[in-house]
Every structure is written in C-alpha cells, then in structure tokens.
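Colleague: Got a minute to walk me through this chain? I'd like the overall picture before the details.

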Amino acid sequence: MTGQEIPHDVVIVGAGPAGATAALLLAKKGLNVVLVDAAKYPRKNICAGWLSAQAKPLIERLGLTFAKLVAHPFESVSFHNADFSKSAVPKFDETPGYLVNRTAFDERLVAEAVQAGARFDDAKPVTDVSLGETSVSVTVADGSRIQARLLVMAAGRSTGLLERLRLSPGAIPSGCWAVRFGAENIKTKNQPHVSIILGLDDAGGFGIVAVADGRATVSVQTAADKSTVVGTITLLCKRAVEHGILDVDLSHEAARASVVTTPAAVALAMETHVAKRTLIIGDAGGFVSATSGEGIYPAMWSARVASEIIEAALKSPSPQDVLMEFNTQWRTEMAEYLRPPNTDTQYILPLVFSNQPMADRMGSAFFSGENI
C-alpha cells in the first residue's frame, strides 16, 4: 500500500454489539468505516437474554432511545439452588437489568451505524487478515479485499481470525463453556422475570432463565467438563417446570442446544488487546462478565473506549503507540466489572439463601459486577 491511497479509515470485523457500536461511534466522528459480518442480517442470535442497567447511559450517549432497544426492565429477580429447594429474592434500589431480544437489538444497532454513515457488508465471511506497516487488508470469502488504515476485530472467538493477528503463543486464553437456547410463542407468566440458579456443579456453574412475552431464554455457564453441560441445562429445564419457573418443559430443546466457549474472565488473562494497527474488542477480546456471563454491556463499553483511542491514533504520526493505550485504559475503567467474584461462591451459597443482606450483595455482584 506504500504510495497508494488507503480507501477506508477503519474496517470492523463482526457486527454484534461491539462492532456495531464501534461503527456507529466512528461514523459519527466523520470517519470512513466499513462494518463486515459473516451472517446475513437480521440474524438470529441467542444470548443470556438480558442487559445490565449500567448500559443505559452508554446507549443514550450513542444518541439512541434506550426503551426502543430493550424489552422490559426486570420485574422479578430470584436466586435458586440447583434443585430449587431453596430460593432468595434480592432487593435493589433500582432495576438491575433489562430483558433483551438480541436479534432485534443487533439489527437496530447496525441500522443506526449505517444511518450515521458506516458501510455495512453482511453475508461476507472474512477468511484472512493481513496487517501491514501502514494499512490492513481483510479478505472475504468471495476473494475481494477491504483495505483500511486500522482494523477492529469484534468477530467473536470461533472464527479462527484471532490466531491470524500474530499475537504471541498463549496470548489468547480460552474461557469456559456455555450452552443457551431461546423459545418463542410459549405460555409465560404475566410478569417478566429472571431466575438465577447457583451452584449447578462443583465448578461454580450457574444458569439463567429469562422469561417475558411468550419468550424464554435459558442458559448455563460453567468450567466443568464439556460433556456434562447439555445434561446440566436439560435437568435445569425439567426442574424449572416442576418449581413453576417455566410453564412449559423445554428440556427437549435444551438437549439439542450447542455447547460453545464463552470468554468470561478472558479479557483479564489476555496479554494484549492490541495487534499491529488493530484493536480487539467485544467477545473476541474476552469482554464478558465472569460473574454473570453478561457480554452486551462490556462489549459496547469496549467499543466506546476503542473508538476514542482510534480517533486519536488516526491523527497521530505514531498510531501504534496510541493504540497501545487501549490496554491500560480498559483495565483502568472496566477490570472490576469483568473480574470473577472475590469470594468462593460455593462457600457462601448457604448464606445467600438464609441471609437477606447476603442475597442483596449477591444480587449486586451478579448484575453490577460489585464484590460480594
């Protein structure tokens, strides 16, 4: 690319909450942005089904109406033990989160980015990335290339693209296992509710059942052996029906769900989130809460920090030096939210179900990333 004009300022790989937020913010800054994703939009995307209330100021900062992006504030939150024989209801001063239709959420963010001036190429799987001294080049499945001055990698961790960023061996740690699925057009209780099932296994696994408006999302996150995860979520669904958390037995759907890796706590373990002319954000960078598995808010937050760093880098004669500041800035602002609990949750579970202040503290830890 030496001596040639570089067509774009930034190319962003991955159009989930991280990538779409970065595209929106950078386009609003007047930059020439290309957002590319392997999926055809709108895409069906199953997540844990909720969003931390801490995302509200960030979403409003994007110029978006918060109520149009989320479905419902939590009207009911409860903790349960693995066999549902014990329960607790944490108290909150304000709603700790909101139920989310992830498919509609992602589609709206992308639409806002396009309206702000970003170019969106969907159904374009990226097969390779090339990082040069003055530019980056992204190759898509049809053989075409997208060239830009900087790259934002926000494509998650299952694409194999992280390994192509020339990071040192061991710089991309794995996370833990997750399985989740969604069901629509089912019978549900009148009020939207979220149930958190703690202590599912000896590895600290937990489950989440989020229900509203004929929709249910069920998920399990654990560091236990992969072969046990589907059995765990299937049993959870059966018990949830027996104890009135679900009105419909979804165990057959659970048995067909796929197990994937989730990068909970991975951000803190990664050696760097900066490659040559590249920032790594969202799931790709491990920006997921280790306590709750919630990833939408930290993904969008990582995009906000990245957009500020990128704007400065593009104005600098030494852009790589500016990009390196991302490593320090995100840790300063977000490390505590992402960090695992400072107490062994297995040890304190009996207190959660017998002591209201401890249930309240667990609620704050789970939904707000505070220490227990």
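Modeller: Sure, starting with a term: contact means heavy atoms within 4.5 Å. Among contacts in the chain between residues at least 6 apart in sequence, 71% join residues at least 24 apart.

Colleague: And the ground rules?

Modeller: This is a predicted model, where local features need pLDDT of at least 70 and side-chain atom pairs pLDDT 80 or more, while totals for chains, interfaces and linings use all residues. Residues are numbered from 1 along each chain as its sequence is written, and side-chain values use heavy atoms, leaving out hydrogens and water.

Colleague: What radius of gyration does the chain have, and why does that agree with a compact globule?

Modeller: The chain has 21 Å, which agrees because a compact globule of 372 residues would have a value near 21 Å. The radius is taken over C-alpha atoms, and the globule rule is 2.2 Å times the number of residues to the power 0.38.

Colleague: How much counts as buried?

Modeller: 55% of the 372 residues, with buried meaning under 20% relative accessible area (1.4 Å probe, protein chains only).

Colleague: Switching topic: which strands form the open sheet with β7?

Modeller: The order is β3-β7-β4, with antiparallel pairing. Strands are DSSP runs of E, at least two residues, numbered from the N terminus, and two strands pair if DSSP finds at least two bridges between them.

Colleague: Which ones stand at the edges?

Modeller: β3 (50–52) and β4 (72–73); each has a single partner strand, so one side of each lacks a neighbour in the sheet.

Colleague: How many bridges join β4 to β7?

Modeller: Two, with β7 covering residues 97–99. Pro 73 has Tyr 98 as its bridge partner in β7.

How values were computed
Buried means under 20% relative accessible area, exposed over 50%, partly exposed in between (1.4 Å probe, protein chains only). Helices (H or I, at least four residues) and strands (E, at least two) are DSSP runs, numbered from the N terminus.
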